[in-house]
Amino acid sequence: MAAKDAKDPKESAPLRVGAAVRRRRRVLDLTLATVAERSGLSVPSLSQIENERARPSMRSLHRVADALQTTTGRLLAASDAARTVRLVRAPHGGALPPTARTRRLVRGQHQLQALEFTGEQDAGREFEHRNDELMYVADGAAEVEAEGRAYRLARGDTLFLSGGVRHRWRATAPDTRIIVVTVSDHIETPEA
């Protein structure tokens, strides 16, 4: 097939808007029944859309978007994110510049956020996230206080924190590098 006859994979791939609909519904903490009632669609139809067993018409998608207090454009953009492959290159030499302490490892709109923290971090504040979080010590060491208990982490250790766990952490060795991966509610991170 000639290159000019090749189709854009996004045009030929089935639209995966169901995951975007489900994520948005969960962010708003709505039931299928509530969204079905607001959109005028049946619960089984909405369930089939969310589970990618049915592809909604643009009219139905518009009604679902209204019920979810968003736009069809945003739902479609979120569905495109499901097919994204994006490379984030390491800084020259593989390490962050001395002045940089935090680097985003994932850019764009996703349900996942990943950050690399370098150096002696001590936010001195407590965190509590709605969703799950994973901490991986790539180099150095850290101490995490979670639910009243202290965890000492060394190179290669991983700590999982389920959503709602109150915690704070700090690096305890020079040149510590910690990777933090969190599940989010379809966040938008800067492209630059």
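**Exercise 1. Cavities**

How many cavities of 30 Å³ or more does a search of the whole structure find? Describe the largest cavity by volume and lining.

Solution. The model is a predicted one.
- Step 1: searching the whole structure gives one cavity of 30 Å³ or more.
- Step 2: the space inside the largest cavity is about 30 Å³.
- Step 3: its lining consists of His-129, Asn-131, Glu-133, Leu-161, Ser-162, Gly-163, Gly-164, Val-165 and His-167.
- Step 4: sorted by class, this lining has six polar, two nonpolar and one charged residues.

**Exercise 2. Overall layout**

State which elements the protein has and in what order they run. Then give the share of buried residues, the share of contacts at 24 or more positions, and the accessible surface.

Solution.
- Step 1: the protein contains six helices and eight strands.
- Step 2: read from the N terminus, the order is α-α-α-α-α-α-β-β-β-β-β-β-β-β.
- Step 3: of the 192 residues in the protein, 35% are buried.
- Step 4: among contacts with a separation of 6 or more, 65% are between residues 24 or more positions apart.
- Step 5: the accessible surface is about 11900 Å², and carbon and sulfur atoms hold 48% of that area.

**Exercise 3. Nonpolar cores**

Identify the residues of the largest nonpolar core that touch the most other members, and the elements that supply this core.

Solution.
- Step 1: the largest nonpolar core has 16 residues, and those touching the most other members are Val-17, Val-21, Val-35, Leu-46, Val-64, Leu-68 and Leu-75.
- Step 2: two or more residues each come from helix H2 (17-27), helix H3 (32-39), helix H4 (43-50), helix H5 (58-67) and helix H6 (72-81).
- Step 3: the most is given by H5, with four residues.
- Step 4: a second, separate core holds 15 residues, including Phe-127, Leu-153, Val-165 and Trp-169.
- Step 5: take Leu-46 as one example from the largest core. Leaving out residues up to four places away in sequence, Leu-46 touches Val-21, Leu-32, Val-35, Ala-36 and Val-64.

**Exercise 4. Ser-39**

Is Ser-39 buried or exposed, and which residues does Ser-39 touch beyond four places in sequence?

Solution.
- Step 1: Ser-39 belongs to helix H3.
- Step 2: the relative accessible area of Ser-39 is 5%, so Ser-39 is buried, the cut-off being under 20%.
- Step 3: Ser-39 touches Arg-63, Val-64 and Ala-67, with residues up to four places away not counted.

**Exercise 5. Positive phi**

For Asp-29 and Gln-69, give phi, the location and the accessibility class.

Solution.
- Step 1: Asp-29 is not glycine, yet its phi is positive, near 55°.
- Step 2: Asp-29 sits in the loop between H2 and H3. Its relative accessibility is 67%, so Asp-29 counts as exposed.
- Step 3: Gln-69, also a residue other than glycine, has a positive phi near 55°.
- Step 4: Gln-69 is placed in the loop between H5 and H6. Its relative accessibility is 54%, so Gln-69 counts as exposed.

**Exercise 6. Val-181**

Why does Val-181 count as partly exposed, and which residues is Val-181 in contact with beyond four places in sequence?

Solution.
- Step 1: Val-181 is part of strand E8 (residues 177-189).
- Step 2: Val-181 counts as partly exposed because its relative accessibility is 24%, and this class lies between the 20% and 50% cut-offs.
- Step 3: neighbours within four places aside, Val-181 is in contact with Leu-112, Gln-113, Ala-114, Asp-132, Glu-133 and Leu-134.
- Step 4: the C-alpha to C-alpha distance between Val-181 and Leu-134 is 5.1 Å, with their positions 47 residues apart in sequence counted as separation.

Definitions and conventions
Residues are numbered from 1 along each chain as its sequence is written. This is a predicted model: local features need pLDDT of at least 70, side-chain atom pairs count only at pLDDT 80 or more; totals for chains, interfaces and linings use all residues. Side-chain values use heavy atoms; hydrogens and water are left out. A nonpolar core is a set of buried Ala, Val, Leu, Ile, Met, Phe, Trp, Tyr and Cys residues joined through side-chain atoms within 4.5 Å. Buried means under 20% relative accessible area, exposed over 50%, partly exposed in between (1.4 Å probe, protein chains only). Contact means heavy atoms within 4.5 Å. On a 1 Å grid over the protein atoms alone, a cavity is a set of points where a 1.4 Å probe fits but cannot get out, and a pocket is an open set with protein on both sides within 12 Å along at least five of seven lines; lining residues have an atom within 4 Å of a point. Grid points are joined across faces, edges and corners, and a volume is the space filled by probe spheres set on the points. Ala, Val, Leu, Ile, Met, Phe, Trp, Tyr, Cys and Pro count as nonpolar, Asp, Glu, Lys and Arg as charged, and the others, Gly among them, as polar. Accessible areas come from the Shrake-Rupley method with a 1.4 Å probe; for residues, only the protein chains shown count as cover.
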